[in-house]
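Here is a short tour of one model, written for someone who likes to look at the atoms directly. Have the viewer open and follow along.

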Amino acid sequence: MRMQWTEELDTGIAEIDVQNRRLGDFINTLSAAQQTGDREQTGWVLEQLLDFAVNNFLFEEKLMEEANYEFRSAHERVHEIFVKKLADFRGRYAKGDDVTEELLAMLTSWVANHIKQEDKRYAATVQQVIAQEGGETWVKGLMKKLFG
């Protein structure tokens with residue numbers, strides 16, 4: 001199952017779209033690992049994915065905070081649950097469980113539901129602030145503040 005990223009999944013916020021597209025890459029790598037039975041590749045995806053999710057969510061949450069997005073706390077709670085699930089998958093993987101199929105299903109669902117719906121909701125609010133604050137330089141400034 002190869003995932004093809006389409007424009008309908010983009011939020012219109014360039015930096016978020018670049019980050020979200022990495023999820024498509026993770027899904028494709030995981031799918032290939034499932035087909036070949038490459039357990040090490042699944043482990044690599046789990047490690048990278050957890051790090052990616054924490055940093056991606058930190059950035060998204062900062063954007064929502066700066067834009068005064070009214071549903072920020074609910075969105076953050078969903079992020080928190082996702083990270084806990086990833087940590088659970090990693091723990092199960094470390095014990096020898098084959099989590100590839102379940103993880104693949106969760107990621108595919110996340111893209112279809114969270115990115116396509118939830119992220120688009122906050123993106124509309126953030127885009128208004130971006131327009132008021134001078135465009136993508138505002139976004140890059142937040143990135144620099146968070147990640148140096």
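## A polar pair at Asp10

In this predicted model, the side chains of Asp10 and Arg21 are joined by a polar contact of 2.8 Å. Asp10 sits in the segment before α1, the helix that spans 14-36. Its relative accessibility is 16%, so Asp10 counts as buried.

Who else is around it? Setting aside residues up to four places away in sequence, Asp10 touches Trp5, Asp17, Arg21 and Lys120.

## Two nonpolar cores

The largest nonpolar core holds 26 residues, and those touching the most other members are Leu23, Leu49, Phe82, Leu86, Leu103, Leu107 and Val111. Each of α1, α2 (39-66), α3 (72-94) and α4 (100-133) supplies at least two residues of this core. In soluble globular proteins, nonpolar side chains tend to be buried together.

Val111 is a nice one to click on: apart from neighbours within four places in sequence, Val111 is in contact with Met3, Trp5, Leu9, Leu23, Ile27 and Lys116. There is also a second, separate core of 15 residues, with Ile13, Leu63, Met64 and Tyr69 among them.

## How α2 meets α4

The α2 and α4 axes come within 13 Å and cross at roughly 15 degrees, which means that α2 is roughly parallel to α4. The crossing in which α2 passes α4 is left-handed.

Which residues make the contact? From α2 come Thr42, Leu46, Leu49, Phe57, Glu60, Leu63 and Met64. On the α4 side, the contact is made by Thr100, Leu103, Leu107, Trp110, His114, Asp119, Tyr122 and Val126.

Technical notes. Residues are numbered from 1 along each chain as its sequence is written. This is a predicted model: local features need pLDDT of at least 70, side-chain atom pairs count only at pLDDT 80 or more; totals for chains, interfaces and linings use all residues. Side-chain values use heavy atoms; hydrogens and water are left out. Helices (H or I, at least four residues) and strands (E, at least two) are DSSP runs, numbered from the N terminus. Buried means under 20% relative accessible area, exposed over 50%, partly exposed in between (1.4 Å probe, protein chains only). A polar contact is a pair of N or O atoms within 3.5 Å; within protein, one must be able to donate a hydrogen and the other to accept it, and residues adjacent in sequence count only if both atoms are side-chain atoms. Contact means heavy atoms within 4.5 Å. A nonpolar core is a set of buried Ala, Val, Leu, Ile, Met, Phe, Trp, Tyr and Cys residues joined through side-chain atoms within 4.5 Å. Axes are lines fitted to C-alpha atoms, for helices over the stretch in contact, and angles run from 0 to 180 degrees between N-to-C directions. Angles under 35 degrees count as roughly parallel, over 145 as roughly antiparallel, 65 to 115 as roughly perpendicular and the rest as oblique. A crossing is left-handed if the near helix is turned anticlockwise from the far one by less than a right angle, and right-handed if clockwise.
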